[in-house]
Amino acid sequence: MRAGDRLVIGAVRRSGPWPAVLAGTAVVGAAGELAIPYLIGRTVDAFAEAFSTRQPAGTHWLALCAGAVAAVMLCESIGVWARGASGAHAAATLRTGVLRHVLGTGSAATRRFPEGELVTRAGLNAEEVGRAPETVTSALALLVPTAGALVALTLIAPVLTLTLGAGIVLILLVLRAFLRRTTTLAGGYQEVQGEIAARLVEALGGARTIAAAGTAEREARRVLAPLPGLRAHGMALWRANASATVRSGLVMPLLEVAVLAVGGFMLAAGDLTVGELYAAARYAVLGASLSTALGHVSGLARARAAAGRVVEILELPPVRYGSRTLPPGPGAVEFRDVAANGLTVGDLTLPGGSVTAVVGRSGAGKSLLAALAGRLVEPERGTVLLDGVPLPELAEEELRQAIGYAFERPVLVGETIGDAIKPEPPLDPAHAPLRPEQALDPARAPRRPEPALVPEGPLADAARAACADVFIRRLPLGYATPLADAPMSGGERQRIGLARAFAQGERLLVLDDATSSLDTVTERQVGQALTTDDRGRTRLIAAHRIATAARADQVVWLDGGTVRARGPHHVLWQDQAYREVFQGAES
């Protein structure tokens, strides 16, 4: 909770100028509210005196009253606008930070939290934390009229201050208990929300399987199973709010009655005027306005609970990189006494420029070994080296340029097909964003190069190696076709993913079942491109097909979480257990 509170405070600090605007409007508005009872009291006294003396009453006090009311209304209007802007700014800043941190942790975030849970925490919970500037500022703003009311009553009659102070203490105790209780309940409510979101994302990922199996009703019941818990937390929140509202609501009329009673005795004794008694009654109401802070306290409680959930993501350690660069080398990979997540690799070498196929039954650790080779997963023991340099010591840019990845279900990022294969380099100064004077004078604006429909060079070479060039050229805009306008089959997406690996990996290509959706002819063509790579890169392939293993220079056979054997495919083929690995794997 302390870390969550620090995040809430940080959200307030990093929400731009809006908290200052909120504070300014709150102070000015509170000053106006404090001035109104005094001005009304003076106006009442002035009109009473004029009535008793039969003389015209001055209107300057009435004009001041109208000005104070106008100032309060203006501050309230600006405050409403500033509250929305502060929440949007804080939520956007926090979401950006959470997203960058999640991406910076590698696979640690997805191993710790389900995808739906991550979306809930980075989305809904971050938005609730983003409302912290509004709730904190609004709650603190209520202290201004309370403090002012105490000062004003002291100037009128100190005994009235003691009466109001006792009531304020009671209100603060109620708010403190309400904050603690609501924070706990809101945390439980958000936990159930995250659980439902996680189940829903899982169901959406398998929507076609669910539809084919005819289990939609059963799956819907599974997704919505936590709803009773959500209702229970919601009802508990409602009861806590109702109970606190009743307790704090009773304080205000009691305080007003108490102040009026004491003030009435003083009026009868001639110690107060009618205008002062009216002002004292109004100041009692203003002083007890803390009882209206329940809504702000409830928002603060939700923000604290949400911050605790967001902090759990931010506490995940990010991947740390070094500053070293790679020396000249063929892309040799060495595993030295490596073990991770139940897989024991031990000592293993992938010679530079060689093709290594990793085979084994489902769950043997093929994908884990591939991830270790490219530092997508950190080993629990041992070190992985590329051309003699430990992977953790490499700079991030150096590591990502050296290693290219292709996965079974590639996620394509970028604006166009070409971007998905190889992102464009940063714009040079000639293509920088337009300056204001250039925007007003198109003749002075630099010309931006149009994306090539049929590019040549490394981009096209990578696409051809992945057998993707032909179908890309058939698209209306070729390589410049937006991804959103290019519906692709699973095999076509895999070919784009393979092209990305060919285009980006300069020393090592890691393919994790990256040809599973390809037809036999295309898979053979891609396999030939892999085994005859003219750039001499090292290739590590998590394989299921005999043909892939047969074309490799060496095969690493995983079994039971260990390397059972390694060697050429034709040598391992003599082992019946090795042959059984491929039974049923061929299509």
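# A tour of the predicted model

Start in a loop: Asp 387 sits between strand 4 and strand 5 (389-390). This is a predicted model. Check the backbone of Asp 387: phi is near 50°, a positive value in a residue other than glycine. Then check the surface. Is Asp 387 buried or exposed? With a relative accessible area of 13%, Asp 387 falls under the 20% cut-off, so it counts as buried.

Go back along the chain to Arg 375. This residue is in the loop between helix 14 (366-373) and strand 4 (381-386). Here too phi is positive in a residue other than glycine, near 60°. Arg 375 has 7% relative accessibility, so it counts as buried.

## Zoom out

Show the whole chain as a cartoon. The protein chain has 24 helices and 10 strands. For 587 residues the globule rule gives 25 Å, but the radius of gyration is 35 Å, so the chain is more spread out than a compact globule. Along the principal axes, the C-alpha atoms fill a box of roughly 120 × 65 × 50 Å.

Color by burial next. Of the 587 residues, 46% count as buried. Now consider contacts with a separation of 6 or more: 77% of them are between residues 24 or more positions apart.

## Helix 3

Select residues 60-104, which make up helix 3. Put a distance between its end C-alpha atoms: they are 65 Å apart. Why does that agree with expectation? At 1.5 Å a residue, the 45 residues of this helix should span 66 Å, so the two values agree. Then click Gly 106, which follows helix 3 and has a positive phi near 70°.

## Gln 190

Select helix 8 (residues 158-205) and find Gln 190 in it. Gln 190 is buried, with a relative accessible area of 1%. Show its side chain, which reaches the backbone oxygen of Arg 302 at 3.3 Å. What else does Gln 190 touch, leaving out residues up to four places away in sequence? Besides Arg 302, the list holds Asn 125, Glu 128, Ala 305, Ala 306 and Arg 309.

## Strand 9 and its partners

Select residues 554-559, which form strand 9. Five of its six residues are buried, so strand 9 is largely enclosed by the rest of the structure.

Add strand 3 (residues 355-359). It pairs with strand 9 in the parallel sense, over four bridges. To find one of these bridges, pick Val 359; its partner in strand 9 is Trp 557.

Now add strand 10 (residues 562-567). Strands 9 and 10 run antiparallel and are joined by five bridges. Pick Val 555 here: its bridge partner in strand 10 is Gly 567. Strand 9 and strand 10 form a hairpin with two residues between them. Look in the turn for Gly 560, which has a positive phi of about 65°.

## The nonpolar cores

A general point first: in soluble globular proteins, nonpolar side chains tend to be buried together.

The largest nonpolar core in this model has 44 residues. Which residues have the most contacts inside it? Select Ile 417, Ile 421, Ile 472, Ile 496 and Leu 498. Helix 20 (residues 490-504) gives the most to this core, with six residues. A second, separate core has 34 residues, among them Ala 157, Leu 255, Ala 279 and Val 297.

Return to the 44-residue core and center on Ile 421. Leaving out residues up to four places away in sequence, Ile 421 touches residues including Leu 459, Ala 463, Ile 472, Tyr 479 and Ile 496. Ala 499, Arg 500, Ala 503 and Gln 504 are also in its contact list.

## Helix 20 and its surroundings

Keep helix 20 selected. It has 15 residues and reaches 21 Å from its first C-alpha to its last, close to the 21 Å expected at 1.5 Å a residue. Helix 20 is mostly covered, with 12 of its 15 residues buried. Polar residues are on the buried list too, including Glu 492, Gln 494, Arg 495 and Arg 500.

What covers these buried residues? Switch on strand 6 (403-407), helix 16 (417-421), helix 18 (458-465) and helix 19 (469-473), which are among the covering elements. Strand 7 (508-512) and helix 21 (520-531) also belong to the cover.

Finish at Asp 519, in the loop between strand 7 and helix 21. Its relative accessibility is 43%, so Asp 519 counts as partly exposed. Draw a last distance, C-alpha to C-alpha, from Asp 519 to Gly 491: they are 28 residues apart in sequence and 7.7 Å apart in space. Gly 491 is one of the buried residues of helix 20.

Methods. Residues numbered from 1 in each chain as written. Predicted model: local features only at pLDDT ≥ 70, side-chain atom pairs only at ≥ 80, totals over all residues. Heavy atoms only, no water. Buried < 20%, exposed > 50% of the residue type's maximum accessible area, 1.4 Å probe, protein only. Polar contact = N/O pair within 3.5 Å; in protein donor to acceptor, adjacent residues only side chain to side chain. Contact = heavy atoms within 4.5 Å. Pairing = 2+ DSSP bridges. Core = buried A, V, L, I, M, F, W, Y, C linked by side-chain atoms within 4.5 Å. Expected span 1.5 Å × (residues − 1). Rg over C-alpha atoms; globule rule 2.2 N^0.38 Å.
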